[in-house]
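Student: Please take a close look at a single helix of this model and its surroundings, and then continue to a pocket and the cysteines.

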Amino acid sequence: MIVITAPTGNIGRHLLSRLLESAPAAGEELRVIVRDPARLPDAAHGRVEVVTGSHAEADVLDRAFEGADAVFWLVPPDASLTPYDAYSGFTLPALDALAAHGVGHVVGVSALGRGTPLAERAGLVTASLAMDGLLAGTGVAYRALACPSFFENLLEEVGSIREKGVFTDSVDADRKAPMVAVADIAATAAGLLLNRSWTGTGSVPVLGPQDLFPHDLARIMTEQLGRPVRYERQPLDELSTTLVGLGLNEAFVQGIVDMKRAKDAGLDAGVARTADTASPTGFAQWCTQTLEPAVLEAS
């Protein structure tokens, strides 16, 4: 029995789709925790056990983890909370449930940076790494998927890309860094959940096929979308003012700012890309499959 949290989110929906295809042949049953079962894909109806509710709630977890062998754990960050509450606070009820039901394996979505000098002052990343520590401390076999920034973050820029030909971030234009497609994260998670021969605790980097400069992203988007796209760097103080103005928790906003500052200082550059840490989806492919349809739809 594999339990999937956040099965309708960016990563979870890809994971659920993969496991619906591959779990039956492996003799695995699937159970999902979801607030709104109506959002599950049609393919899941009648093929997964559904526990309705939030995986921040102890009673929901108690029902979901009963008889479970493995759990996919993803925290959807809540910008109304502090970083600690959004990650560790959210996860605390799971610690008791994992122990009470003897769950053997957990795969969690986390971030790059552990063991680097920047890890303790990286805002949301620091909070995510602390969450990993809590889960690993339960005694389960735990693998943290250590991820860089997602290609999918650019979907927040669709309007600006379409209307102005501009996307923004706070990193230096000369900072090259790994980026990854969420589908590749889901594929790695599926492999770990289905083949549970691993023990102990550790991280599994998922780095995408190559490091990219912001101007690489602009060039590839220009080529794939057939319209000029350029990068503009946004000052961190401007980003902070904008997010606070939108009503986000000020401590959470500071966590975003600290994370982006750490990434600009090389937080994501500490892991070498190898055959084991690379993932296949390139940015041009992602643009064709995901960004271009979103831009056209917005048009």
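**Helix H2 and its surroundings**

Tutor: In this predicted model, helix H2 spans residues 58–65, and its buried residues are Val-60, Leu-61, Ala-64 and Phe-65. Viewed down the axis of H2, these buried residues lie within an arc of 115 degrees, so they line one face of the helix. The partners against which the buried residues of H2 pack are strand S1 (2–5), strand S2 (30–34), strand S3 (49–52), strand S4 (70–73) and helix H3 (83–101). Just after H2, Gly-67 adopts a positive phi of about 75 degrees.

Other helices contribute to the second largest pocket, which holds about 190 Å³ of space. Helix H1 (10–22), helix H6 (182–194) and helix H10 (283–298) each provide at least two residues of its lining. Among the lining residues are Asn-10, Arg-13, His-14, Val-182, Ala-183, Trp-286, Gln-289 and Thr-290; Glu-152, Leu-155, Ala-181 and Thr-281 also line the pocket. Sorted by class, the lining of this pocket comprises five nonpolar, five polar and two charged residues.

The cysteines remain to be considered. A search of the whole structure yields zero disulfides. For Cys-147, the closest cysteine sulfur is that of Cys-287, and the distance of 19 Å is too far for a bond. The closest cysteine sulfur to that of Cys-287 is, in turn, the one in Cys-147, again at 19 Å. Cys-147 counts as buried because its relative accessibility is 3%, and Cys-287 is buried with a relative accessible area of 0%.

Terms used:
Residues numbered from 1 in each chain as written. Predicted model: local features only at pLDDT ≥ 70, side-chain atom pairs only at ≥ 80, totals over all residues. Heavy atoms only, no water. 1 Å grid on protein atoms, 1.4 Å probe; cavity = no way out; pocket = protein on both sides within 12 Å on 5 of 7 lines; lining within 4 Å. Points joined across faces, edges and corners; volume = space filled by probe spheres on them. Helix = DSSP H or I, 4+ residues; strand = E, 2+ residues; numbered from the N terminus. Nonpolar A, V, L, I, M, F, W, Y, C, P; charged D, E, K, R; others polar. Buried < 20%, exposed > 50% of the residue type's maximum accessible area, 1.4 Å probe, protein only. Arc of directions from axis to C-beta. Contact = heavy atoms within 4.5 Å. Disulfide = S-S within 2.5 Å.
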